[in-house]
Amino acid sequence: MASVAFEHVTKRFGDVVAVEDLDLHVDDREFLVLLGPSGCGKSTALRMIAGLEEPTEGAIRIGEHRVDGVDPKDRDLAMVFQSYALYPHKSVRQNIEFPLRSRKVPPAERTQLVQDAAGQLGLSTLLDRKPRELSGGQRQRVALARAIVRRPAVFLMDEPLSNLDANMRTATRAELVELHQRLGTTFVYVTHDQVEAMTMATRVAVMSEGSLQQLGVPQEVYDRPANVFVAQFIGSPPMNVVPGPVAAPLGVGRDDVVVGIRPEHLMIGTAGISAIVRVVESLGHERHVLCEADGHRLIVRCPAHGDAPVEGDAVHLSARPEHLHLFDASSGQRVA
Amino acid sequence: MAVPVQAGGAEVVVGRRKREWPLAVILLLPSAVVFGLFVFYPLARTIQLGMYRSDPFGGLGRYVGPSQYWDVLTSESFLRSLGVTLKFAALTVPTGLGLGLGLAVLGHQQLRGIGVYRTIFSSTVATSVAVASLMWLTLLNPSIGLVNQALTKLGHEPIIFLQRPGWALVSVAMATVWQNLGFTFIVISAGLQSVPDELLESARIDGAGPWRRFREVTLPLLSPTLLFAFVVLSINAFQTFGQVDLLTHGGPLHSTELLVYHVFQRTSNDPSTAAAEAVVLFGIVLLLTLVQLRVLERRVHYGD
Ligand SMILES: Nc1ncnc2c1ncn2[C@@H]1O[C@H](COP(=O)(O)OP(=O)(O)OP(=O)(O)O)[C@@H](O)[C@H]1O
Ligand SMILES: [Mg+2]
């Protein structure tokens, strides 16, 4: 059980700044998700916790201790890699047992712990297989079992679900949440998938280009994004963002802002921003109406059934004032 | 990785194959002629020659049949030479592998200026047998050689490396190991590159020290590469000729008379026995080559 803290951490690779002045405190037993687009430095941040990279500046703490220069094996953590990093020549049993053998756990105890971990992840019947004889989902479970077998204080995961198909991913998300509750350890989980962040995180840290954009519980980040980047990164379809003057019909009286409106908050009616319907996409459970207003694209989320406009219709789009997000036009930061 | 062929696709391929026969024959003809003329015809003639008793005038002589192969196989001089060759392989192959592995692991470190060392370690692939042998001839020279100068400095008697029965084979082996080192280094380095970093990082987090990581992760993943290098070095050992010819001429007392050199010496006075021996040697190397091909196949399919 331990907290993890980044204290003004910067990591540079030559001229590339991978992580910039990251200041982030992960509480004990938290399920923190580091969320951001490809290349934003999430893996680098995670690898610094693990000790696979050392910060260029700043410090990392695990629990009470600063861990600069501490060897990865002495940090009491486990990591699940995107590729799972299973040892191809070892059986499932030997893979799960490896962290115990490395730490000289006596054989009798080892057997028990391996059985426990394998049982928790439904691997008991697969213990004698080699990784290549397993499906992607089973391999992923082996990687998880190998991580939990030693009961580390901190769990690091780098996009562990990205090699699974959509159904497996949904099922595994729920299992990870359950695993987190059962183990009661700190999870730091890296992903570029906002759905994973929304569904699993106790708090989510959104990163872009090496720096932290916002930290908060998922709902709060969704409801009150701190800036335009977060607003557009979280939510599917993404939030509509238009310059202040375009949103004037909605009662926005400022030109120095950009206005964000979530697709589910836009209503098609007789008043508001006038727009032309370009495309109507049906997803089965709902429809997305893509409109164009003054050269800006706006997506409206509509129910799957009932009346909906068709391509070429002239419509008016409105939204309630409390559903408008205002961001400073030059800095992109939230103003209201 | 194997590409799955669908049933319909296979039929199309077979049909196309039939139509492309004439073109295939035309394209294969030049190399078939060259191989036939310079490899298969001489091979067939050698096998034939091995079944005759040499006549003094260079003709085929009297036919004695396949039994000559048995005679050769059991002859004292052939067995002695085979023994020397096996000893030579035992001296060169494990040391070559060990040193190559050691250098490759050193060369795999991420250090400033490591490229210079990598170049130096691989450089022996660029030297010919002749150059390497001359170099060792000079190094091992009893009066002016660096090795003996060093021995004298250490208070040791000079050793006449190339003329003492105990030392001659060891000396040829040293020259051979040195000459092969560049190849072994390059092959094993390539093998090391293909061990995924994530496996080693994962092992590190899981508490494995450098030695355990090497023994339990790197080495098993490297084993196909090591097996490949092992087979190539073994074939090399059975084909060694240049070093022997330049350093010792098979002496002293036949102690460095490796199989190829033995056959070579026989050719002038007893061509048909030499032919039979050459065929047996061919069989041995063929066997090693088949093993090598199997190993190569395994390497290609490894890891999926
Ligand atoms: N070892 C390295 N040497 C040089 N540059 C690196 C190294 N590792 C990462 N970088 C750079 O640092 C930046 C952040 O990389 P990082 O792997 O942390 O991104 P990421 O957010 O995990 O992306 P992805 O979602 O694609 O995995 C990238 O620009 C990357 O090119
Ligand atoms: Mg990454």
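The exchange below covers the ligand shell, the domain contact and the chain contact of a predicted model.

In this predicted model, local features need pLDDT of at least 70, side-chain atom pairs count only at pLDDT 80 or more, and totals for chains, interfaces and linings use all residues. Residues are numbered from 1 along each chain as its sequence is written, chains are lettered from A and ligands numbered from 1 in the order in which they are written, and side-chain values use heavy atoms, with hydrogens and water left out.

User: What makes a residue part of the surroundings of ligand 1?
Analyst: A residue is near a molecule if one of its heavy atoms lies within 4 Å of it. The residues around ligand 1 include Phe13(A), Val16(A), Pro37(A), Gly39(A), Lys42(A), Thr44(A) and Glu159(A).

User: Why is the pair between ligand 1 and the side chain of Lys42(A) called a polar contact?
Analyst: A polar contact is a pair of N or O atoms within 3.5 Å; within protein, one must be able to donate a hydrogen and the other to accept it, and residues adjacent in sequence count only if both atoms are side-chain atoms. An oxygen atom of ligand 1 is 2.7 Å from an N or O atom in the Lys42(A) side chain, so the pair qualifies. For the side chain of Glu159(A), the distance from an N or O atom to a ligand oxygen is 3.2 Å. The protein covers 59% of the 640 Å² of accessible area that ligand 1 has on its own, by the Shrake-Rupley method with a 1.4 Å probe; for residues, only the protein chains shown count as cover.

User: Which element gives the largest share of the shell around ligand 1?
Analyst: That is α1(A), with 3 residues. Helices (H or I, at least four residues) and strands (E, at least two) are DSSP runs, numbered from the N terminus.

User: What makes up the contact between domain 1 and domain 2 of chain A?
Analyst: The bounds, 4-229 for domain 1 and 238-328 for domain 2, come from an automatic or database domain assignment. The C-alpha centres of the two domains lie 38 Å apart. With contact meaning heavy atoms within 4.5 Å, domain 1 gives 6 residues and domain 2 gives 7 residues.

User: How much area is buried between chain B and chain A?
Analyst: About 1900 Å², with carbon and sulfur atoms giving 55%. Buried area is the accessible area (1.4 Å probe) that two parts lose on being put together, summed over both. In chain B, Arg204(B), Ile205(B) and Asp206(B) lose the most area to chain A, together 34% of what that side buries.
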